[in-house]
Amino acid sequence: MIQAFNALMKRDLLLAFRHRGELANPLLFFLMIVTLFPLGVSPEVVLLRKIAPGVIWIAALLAALFSLESLFRSDFEDGALEQMLLSPQPLAVLVLAKVLAHWLVSGLPMLLMAPLLGLLLAMPDPAIAALELTLAIGTPLLSLIGAIGVALTVGLRRGGVLLTLLIMPLYIPVLIFATNAVTAAAAGMPIAGQIYFLASLLVLALTLAPLAIAAALRISVS
Amino acid sequence: MPLTKPISPMPLLSVIDLECIRGDNLLFSGLDFKLYEGQLMQVEGANGSGKTSLLRILAGLSLASEGQVLWDGKDIHKQRSFYFSKVAYLGHTLGIKSDLSPLENLKITLALASFPFDETAVYRALEQTGLSGKEDVPARSLSAGQKQRVALARLLACPTKLWIMDEPFTALDASGVSLVRDLLETHLRRGGLVVLTSHQAVEVRGDVVRVNLSEDGLR
Amino acid sequence: MWKFLHKLASPRYFYAISGKFIPWLGWLTAVTLLTGLYFGLVKAPPDYQQGDSYRIMFIHVPAAWMSMFIYVLMALWSGINLIWNIKLADVMTVSSATLGASFTLLALVTGSLWGKPMWGAWWVWDARLTSELILLFLYLGYIALVSAIEDRRTAARAGGVLILVGVVNIPIIHYSVEWWNTLHQGPTVTKFDKPSIHLSMLIPLLIMAVSFKLYYLTVVLMRARIEVLDRERRSAWVRELFGTQK
């Protein structure tokens, strides 16, 4: 089981590495959406500082969805997904390997990019630290929840918009608690409560989401 | 259906009253058959008669709208993990990653099947399917027939009891066709089971039974 | 009991028996609805704070209850369908979705109409209204997914997974929105908490709630009957029923 988990994760990382040009796309997307806000709303520092947590987190949600869309796409097209479904290994574990590999090449870079965006939006240092922490817990959550939607829409043409419809409402709790933690940190207030809540959501998602993803894949590929 | 001297008294694969509806179309219903060790079943039928759907149901990928598929007398969905360790499925889409080399592709197959990786066995499988010298080139640079051969090498590298093959002869040249025939004959001799669809007449020596979905699967 | 349930789950039997129930349910719905409205709109006294505008509650509150109730029912049926593979369960889920979405929309619209005299605005980011809006998104997502998948069985199963994921998430979403709301609530916004509700208001409210449930039951059975007929149109019993050949 562990052997299969490792092999699948390594394979996906290798595939991502062989297409490393595409890895930058979600990141650019993330950066550009954030850039639009000073242009569209106002470059005034006080205002930017106020909306920064929400802006960065909403951009992160969109970028996560955008990059997740291809999670199972190529596997579905070339039949590798069928072979995965026919493995005697528990599918939930295999799926987790894929999600983890995907997070390593998409979520983790966002984490590295976020402080820069924080600076662009004039966030104070404690807020940037909180932003990093919330993203560290939150982006795997986004990947796990989003993968359920991806699994449900994998066989469909124009699944992208549909994916957004299905998943956005489920992202709301993450958005609420993460942005609030960042805002609270900026005001010098404690954020332990919000972080614990996000962490427990992550634990819940880690246990339940792979099962839902596996069930959804079996249905979509039938 | 001719039941020529079954090797084991129990059929390994049996299908009971199978019905398949796709979208609004009833593809087949009331389909029954049994398959014993060392038997090959060729599924025939017009285009759109549900050959691929049947194979996918047999492989455990799709659910039938009615009926059951039994492996060794037990519903395949009640023993999914065990059943999957007995089956190899070769579908329309081969499941070959075009950015990986044949060797890397086989490695992942073995890992998914929880087979230990044995380098010489894998090289031998690739050699047997005529891919010597191509082990490390990305699969995207292989021709359709060569990719098909990689998929066949998968069957050799991790041996299973039941092979389910959807049009295994397409895209293959004359030597490829005879390669598949040899593989099938060896597999049958060893007591393996095969279910396949094919446009071409397959001259495989051994215990070959046929099912025609357009006729047998009462519409 | 088990045998009876099994029999009931067969499309043919379901079609026959639901046909007998629907007229009764329809009449009961009409009677309870009229009684509820009479007591609610005529008999119940005006509220000392809100005057007559509170009476929209008799629609709003049962609609909001129904919106949750139907989602949970759909989750139950989806679970039954996914575990035991019972066709009737997915017929019921699919037939419920638009009804659930309609009740949610009704709750939103009546909430907004109620909000205008209460808050002076058509929309306020009140916790309940926001939760209801998100619930509407969940319903619409379900409907969009089911209609995007061609094969009915696959659609129902995929929708089932989505509903189950949704039902796990609803309490989390609800809690988050409540929490978010308490943080951002301005001092001027008054929440209409009703610590104690007068009996003359409670009775019509309960009658309305029963009436809405009966309405749902009536309509969902009607829809399910049509869905069953459509799905089974090739089978012998449907052909026999309508005396058609093939």
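A salt bridge here is a side-chain nitrogen of Lys or Arg within 4 Å of a carboxyl oxygen of Asp or Glu. By that rule, four salt bridges are counted between chain A and chain B. The model in the viewer is predicted, and the tour starts where these two chains meet.

**Stop 1: chain A against chain B**

Colour chains A and B separately, then select the residues in contact across the boundary. On the chain A side there are 27 residues, and they touch 26 residues of chain B. Together the two chains bury about 2,400 Å², with carbon and sulfur atoms giving 56% of that area. Show A:Q83, A:L86 and A:P88 as sticks: this trio supplies 26% of the area that chain A buries against chain B, more than any other three residues.

Next, select A:R18 and B:E104. They form a salt bridge, and the distance between their closest N and O atoms is 3.0 Å. Polar contacts are also present, with 13 residue pairs across the interface of chain A and chain B, both partners at pLDDT 80 or more.

Which elements of chain A each supply at least two residues to the side that touches chain B? They are α1, α4 and α5 (80–85). Of the elements, α1(A) gives the most, with eight residues. Sorted by class, this side of chain A has 12 nonpolar, eight polar and seven charged residues.

**Stop 2: the second largest pocket**

Stay with chains A and B and select A:H19, A:E22, A:S70, A:S74 and B:K97. Of the 40 residues lining the second largest pocket, these are the closest to its centre. The pocket holds about 1,000 Å³ of space.

To see the rest of the lining, show helices α1 (2–18), α2 (20–40), α3 (45–68), α4 (73–78) and α6 (91–120) of chain A, and add α5 (144–157) of chain B; these are the elements that give two or more residues to the lining. The most comes from α6(A), which gives five residues. What is the make-up of this lining by class? There are 13 nonpolar, 14 polar and 13 charged residues.

**Stop 3: the largest cavity**

Now look for enclosed space. Over the whole structure, four cavities of 30 Å³ or more are found. The largest cavity has about 50 Å³ of space. To find it, select A:E69, A:R73, A:V150, A:T153, A:V154, A:G159 and A:L163, which line it. The elements giving two or more residues to this lining are α7 (125–153) and α8 (159–186) of chain A. By class, the lining of the largest cavity divides into three nonpolar, two polar and two charged residues.

**Stop 4: the second largest cavity**

Keep α8 of chain A on screen and bring in α5 (127–148) and α6 (152–184) of chain C. Each of these elements supplies at least two residues to the lining of the second largest cavity, whose volume is about 40 Å³.

From chain A, select A:L165, A:L166 and A:L170; from chain C, select C:Y71, C:F137, C:L138, C:G141, C:Y142, C:L162 and C:G166. The element that gives the most to this lining is α5(C), with four residues. How many residues of each class line the second largest cavity? Eight are nonpolar, two are polar and none is charged.

**Stop 5: chain B against chain C**

Finish with chains B and C. Nine residues of chain B are in contact with five residues of chain C. The area buried between these chains is about 600 Å², 36% of it on carbon and sulfur atoms. Select B:G23, B:D24 and B:L63: in chain B they lose the most area to chain C, together 57% of what that side buries.

One salt bridge is counted between chain B and chain C. Select C:K87 and B:E66 to display it; their closest N and O atoms are 2.9 Å apart. The count of residue pairs in polar contact between these chains, both at pLDDT 80 or more, is also one. On the side of chain B that touches chain C, the elements giving two or more residues are β1 (13–22) and β2 (25–35) of chain B. The residues on that side are three nonpolar, three polar and three charged.

Terms used: Residues numbered from 1 in each chain as written. Chains lettered and ligands numbered in written order. Predicted model: local features only at pLDDT ≥ 70, side-chain atom pairs only at ≥ 80, totals over all residues. Heavy atoms only, no water. Contact = heavy atoms within 4.5 Å. Buried area = accessible area lost by both parts, 1.4 Å probe. Polar contact = N/O pair within 3.5 Å; in protein donor to acceptor, adjacent residues only side chain to side chain. Nonpolar A, V, L, I, M, F, W, Y, C, P; charged D, E, K, R; others polar. 1 Å grid on protein atoms, 1.4 Å probe; cavity = no way out; pocket = protein on both sides within 12 Å on 5 of 7 lines; lining within 4 Å. Points joined across faces, edges and corners; volume = space filled by probe spheres on them.
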